[in-house]
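Thank you for making the time. I would like to walk through one model with you, starting from its sheet and then turning to the helices around it.

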Amino acid sequence: MTLDVAAIRADFPILSRQVRGGNPLIYLDSGATAHKPLAVLDAEREFYLRHNAAAHRGAHLLGEEATDAYEHARSRIAAFIGADPGEIIFTRNATEAANLIAYSVSNAATGGPAGGPAAGTPAAGLAIGPDDEVLVTELEHHANLVPWQQLCQRTGARLRWFPATPDGRVDLTDIGDLVGERTRIVAVTHQSNVTGAIPPVARIAAAAHAVGAIVVVDAAQSVPHHPVAVADTGADFLFFSGHKMLAPTGIGVLWGRSELLGAMPPFITGGSMIEVVRMEGSTFLPPPQRFEAGVPAVAQAVGLAAACDYLDAVGMENVAEHERMLTGRAIEALTAVPGVRILGPLTTEDRGGAVAFEVDQVHPHDVGQVLDELGIAVRTGHHCAWPLHRALGVQASTRASFYLYNTPDEVDALADGIRTAQKFFGTP
Ligand SMILES: Cc1ncc(COP(=O)(O)O)c(C=O)c1O
């Protein structure tokens, strides 16, 4: 179904801003963070106006309402990804979710926070050490790389990775060598935030499971953009951020298989996650509460639930199809500009809507600045994927990323803007 983009845009007042001397804002940076429709803002506001209280704490009416709102949000996001609500853990963002897994695994290795229910339980099966390997890919966002590097430093495990192909996909040539009996964790992106590549995660997961490894999927760029059902991915853990899918900042999601979550020691400890506390030590609640210490981000969770409602009303298949159309148009328009090289696949097959590119003899920051003067917002730099840029032979790039509110005209304006930048700098 073709999206009624004009109607969608009317839900996002920020998109009608004029910027930099009266240019209409062309926002092509949803890969960094997406804008929020009125329905999401209203849901958050309504929570603060009528129900604000600390969830899972107060015995009063507002406390009950806040708890209900928070748990409703958990069920809503679970339904959005085809999961069980008990397997949904709210985090601050995708980055925190990755750290939660990595720290929990090393807490399992060291015995974890003393007295946890996981001590001497199957958490021991999660523990990794110097004989073990953690496998990632060269495409990863730093959020799904640095926590694993740090885990390896803490435990003595070895970090290995699938290399990138020259067109920015995951090179599986050596999968037989890389996935072996030492492999304990395989952490892989569901969609690259630079090249848009969608790796064959189910195939990687099958290989990982065949050797008993745990599969972690970074879905920060997939869940917002196309339908994702956790059961189809082959993942044992999958995480993403609310703010990239029309929801507020400050709320992210970690989904994990319940038997794994049940065996895991906590990451952050404190209030709201304990069972019994004595001066000598404490025991912890089962998941998801075990992993949600402190007063949770209730309003943000409510906003995330509203974002799920909004996206489901549009239809995730329709969102994906719209972005495929924009991506195809961008690939065509940008490859027609002499001196522009797209860092990523040149077809829309197994590819999402992040289009990073370099412009011969013009630094990405300069490209970004000229585009910004024209009202076009893009991302410049290494997009938190420095190793991938190195693998592709560039220091940095410019990235356009699309969402349901972008139009084909905006894609054309991007190509025109690049030509303007080339003229300005006297290239090619
Ligand atoms: C693929 C990918 N993973 C993880 C992240 C981290 O998300 P956040 O900064 O919201 O934690 C991002 C953000 O750009 C991303 O694109």
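Before I call any two strands paired, let me say that two strands pair here if DSSP finds at least two bridges between them. By that criterion E7 and E8 qualify, since five bridges join them and the two strands run parallel. Please keep in mind throughout that this is a predicted model.

Let me place that pair in its wider setting. Seven strands form an open sheet, in the order E4-E10-E9-E8-E7-E5-E6, and the pairing within the sheet is mixed. The edge strands are E4, residues 88–91, and E6, each of which pairs on one side only. From one strand to the next, the twist averages 20°.

I will stay with E8 for a moment. Because five of the five residues of E8, residues 214–218, are buried, this strand is largely enclosed by the rest of the structure. In a regular strand the side chains alternate between the two faces of the sheet. In E8, Ile214, Val216 and Asp218 point one way, while Val215 and Val217 point the other way, and all are buried. On the E7 side, aspartate 218 of E8 has threonine 189 opposite, and on the E9 side this aspartate 218 stands opposite phenylalanine 239. The pairing of E8 with E9 is in the parallel sense and runs over three bridges. As for the connection from E7, that strand, helix H8 (residues 201–210) and E8 together make a right-handed β-α-β unit.

Moving along the sheet, we come to E5, residues 133–137, which is mostly covered, with five of its five residues buried. Which residues of E5 point one way, and which the other? Glu133, Leu135 and Thr137 point one way, and Val134 and Val136 the other way, and all are buried. E5 has partners on which strands, then? Five bridges join E5 to E6, residues 158–162, with the two running parallel, and E5 also pairs with E7, residues 183–189, in the parallel sense over three bridges. Leucine 135 is a convenient residue to look at, as it stands opposite arginine 160 in E6 and opposite valine 186 in E7. E5, helix H6 (residues 146–155) and E6 also make a right-handed β-α-β unit.

At the other end of the strand order, four bridges join E4 to E10, residues 252–256, and here the strands run antiparallel. In that pairing, isoleucine 88 stands opposite tryptophan 255 in E10. Helix H3, residues 61–80, lies across E4, E9 (residues 237–241) and E10, and runs at about 115° to E4.

Finally, I would like to turn to helix H4, residues 94–110, which has 17 residues and reaches 25 Å from its first C-alpha to its last, close to the 24 Å expected at 1.5 Å a residue. At the start of H4, a side-chain oxygen of asparagine 93 comes to within 3.2 Å of the backbone nitrogen of threonine 95. Is H4 mostly covered or mostly exposed? H4 is mostly covered, with 12 of its 17 residues buried, and among these buried residues are Ala94, Asn99, Leu100, Ile101, Val105 and Asn107.

Terms used:
Residues are numbered from 1 along each chain as its sequence is written. This is a predicted model: local features need pLDDT of at least 70, side-chain atom pairs count only at pLDDT 80 or more; totals for chains, interfaces and linings use all residues. Side-chain values use heavy atoms; hydrogens and water are left out. The expected span of a helix is 1.5 Å times one less than its number of residues. Buried means under 20% relative accessible area, exposed over 50%, partly exposed in between (1.4 Å probe, protein chains only). A polar contact is a pair of N or O atoms within 3.5 Å; within protein, one must be able to donate a hydrogen and the other to accept it, and residues adjacent in sequence count only if both atoms are side-chain atoms. A crossover is right-handed if, with the strands pointing away from the viewer, the path from the first strand over the helix to the second runs clockwise. Axes are lines fitted to C-alpha atoms, for helices over the stretch in contact, and angles run from 0 to 180 degrees between N-to-C directions. Contact means heavy atoms within 4.5 Å.
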